[in-house]
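User: Please take a close look at one part of this model, the internal cavity and its lining, and follow a single lining residue through its surroundings.

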Amino acid sequence: MTITRKLLEIAPEVARLFEADMRAYHAGQADIGRDRIAVGTRHMLLQHMPTNPKLRLREIKEPVELMK
C-alpha cells in the first residue's frame with residue numbers, strides 16, 4: 001500500500017519569500033539566526049498545509065541545507 005500526499009500549493013509570492021529566507025539562511029553565520037529563519041519559514045509553510053500538519057524544524061532545515 002502506497003501513501004500519497006497532496007502536493008503543497010504555494011502562491012508565487014510565498015515562494016519568493018521562501019527563496020529570500022533560504023538565501024538569508026545560507027548567508028547567516030550564527031546558528032541562532034539560522035534557527036530563527038527556519039522557524040519563520042516553518043510558520044509560513046504551515047499556513048499553506050492541510051489541517052493538523054506535522055512539520056518539524058528538522059524537516060525545514062535539512063532540505064534548505066541541501067539547496068546550498
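Analyst: In this predicted model, the lining of the largest cavity is made up of Phe18, Asp21, Met22, Tyr25, Ile37, Ala38, Thr41, Ile60, Lys61 and Val64. The cavity itself has a volume of about 50 Å³, and the structure holds one cavity of 30 Å³ or more. Three helices each supply at least two residues of this lining, namely H1 (12–27), H2 and H3 (57–66), and among them H1 gives the most, with four residues. By residue class, the lining divides into seven nonpolar residues, one polar residue and two charged residues.

The polar member of the lining is Thr41, a residue placed in helix H2, which covers residues 31–46. Thr41 has a relative accessibility of 4% and therefore counts as buried, the cut-off for that class being under 20%. When residues up to four places away in sequence are not counted, Thr41 touches Phe18, Asp21 and Ile60, and these three residues also appear in the lining of the largest cavity. With one of them, Asp21, the contact is also polar, since the side chain of Thr41 makes a polar contact with the side chain of Asp21 at 3.1 Å, where a polar contact requires a pair of N or O atoms within 3.5 Å.

Key. Residues are numbered from 1 along each chain as its sequence is written. This is a predicted model: local features need pLDDT of at least 70, side-chain atom pairs count only at pLDDT 80 or more; totals for chains, interfaces and linings use all residues. Side-chain values use heavy atoms; hydrogens and water are left out. Buried means under 20% relative accessible area, exposed over 50%, partly exposed in between (1.4 Å probe, protein chains only). A polar contact is a pair of N or O atoms within 3.5 Å; within protein, one must be able to donate a hydrogen and the other to accept it, and residues adjacent in sequence count only if both atoms are side-chain atoms. Contact means heavy atoms within 4.5 Å. On a 1 Å grid over the protein atoms alone, a cavity is a set of points where a 1.4 Å probe fits but cannot get out, and a pocket is an open set with protein on both sides within 12 Å along at least five of seven lines; lining residues have an atom within 4 Å of a point. Grid points are joined across faces, edges and corners, and a volume is the space filled by probe spheres set on the points.
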